[in-house]
Amino acid sequence: QVQLVESGGGLVQPGGSLRLSCVASEGTISAYNMAWFRQAPGKEREFVAAIRKSNGAKYYGDSVKWRFTVSRDSVKNAVDLQMNSLKPEGTVIYYCAVVAGRPISSVLGYASTYVNWGQGTQVTVSL
């Protein structure tokens with residue numbers, strides 16, 4: 001199974017930006033449907049963004065739309081998440097995930113769709 005490693009987390013002030021990266025251990029990143037989720041302490045995992053392998057179509061959660069951008073980096077064999085205009089949401093763990101095949105668009109936002117997960121990278125947005 002492909003292993004995923006996230007990086008780029010850290011402390012940032014509200015309104016700032018951060019770029020996360022998720023590197024796949026094998027294969028080419030364009031061969032996978034990839035997604036980012038996030039989870040705050042005591043809360044359910046929330047869909048952030050996804051990018052489809054077949055056509056590169058991108059999907060975003062309502063809470064991050066217009067602020068976050070998901071993209072593929074073929075040189076790094078990674079999927080990046082550019083986060084702008086970050087809100088003071090405290091500490092959140094961001095996870096990347098992958099699923100093979102051709103899931104329909106309506107299930108891309110569900111954590112149960114994905115079979116492989118990274119360990120997560122912590123993002124703290126605070127003054």
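This short talk goes through one sheet and two residues of the structure above.

Please keep in mind that this is a predicted model, in which local features need pLDDT of at least 70 and side-chain atom pairs count only at pLDDT 80 or more, while totals for chains, interfaces and linings use all residues. Residues are numbered from 1 along each chain as its sequence is written, and side-chain values use heavy atoms, with hydrogens and water left out.

Let me begin with the sheet. Four strands, where a strand is a DSSP run of E with at least two residues, numbered from the N terminus, form an open sheet in the order S1-S3-S8-S7 with antiparallel pairing, and pairing here requires that DSSP finds at least two bridges between two strands. Strand S1 (4-7) and strand S7 (68-73) are the edge strands, each pairing on one side only. Strand S3 (residues 18-24) and strand S8 (residues 78-83) pair in the antiparallel sense over six bridges, and Leu20 has Leu81 in S8 as its bridge partner.

Now to Asn116, which is found in strand S10 (residues 116-117). Asn116 counts as buried because its relative accessibility is 7%, buried meaning under 20% relative accessible area with a 1.4 Å probe and protein chains only, whereas exposed means over 50% and partly exposed lies in between. A polar atom of the Asn116 side chain lies 2.6 Å from the backbone oxygen of Val2.

Glu46, in strand S5 (residues 46-51), is partly exposed, with a relative accessible area of 31%. Leaving aside neighbours within four places in sequence, Glu46 is in contact, meaning heavy atoms within 4.5 Å, with Trp36, Phe37, Arg38 and Ser63.

Conventions
A polar contact is a pair of N or O atoms within 3.5 Å; within protein, one must be able to donate a hydrogen and the other to accept it, and residues adjacent in sequence count only if both atoms are side-chain atoms.
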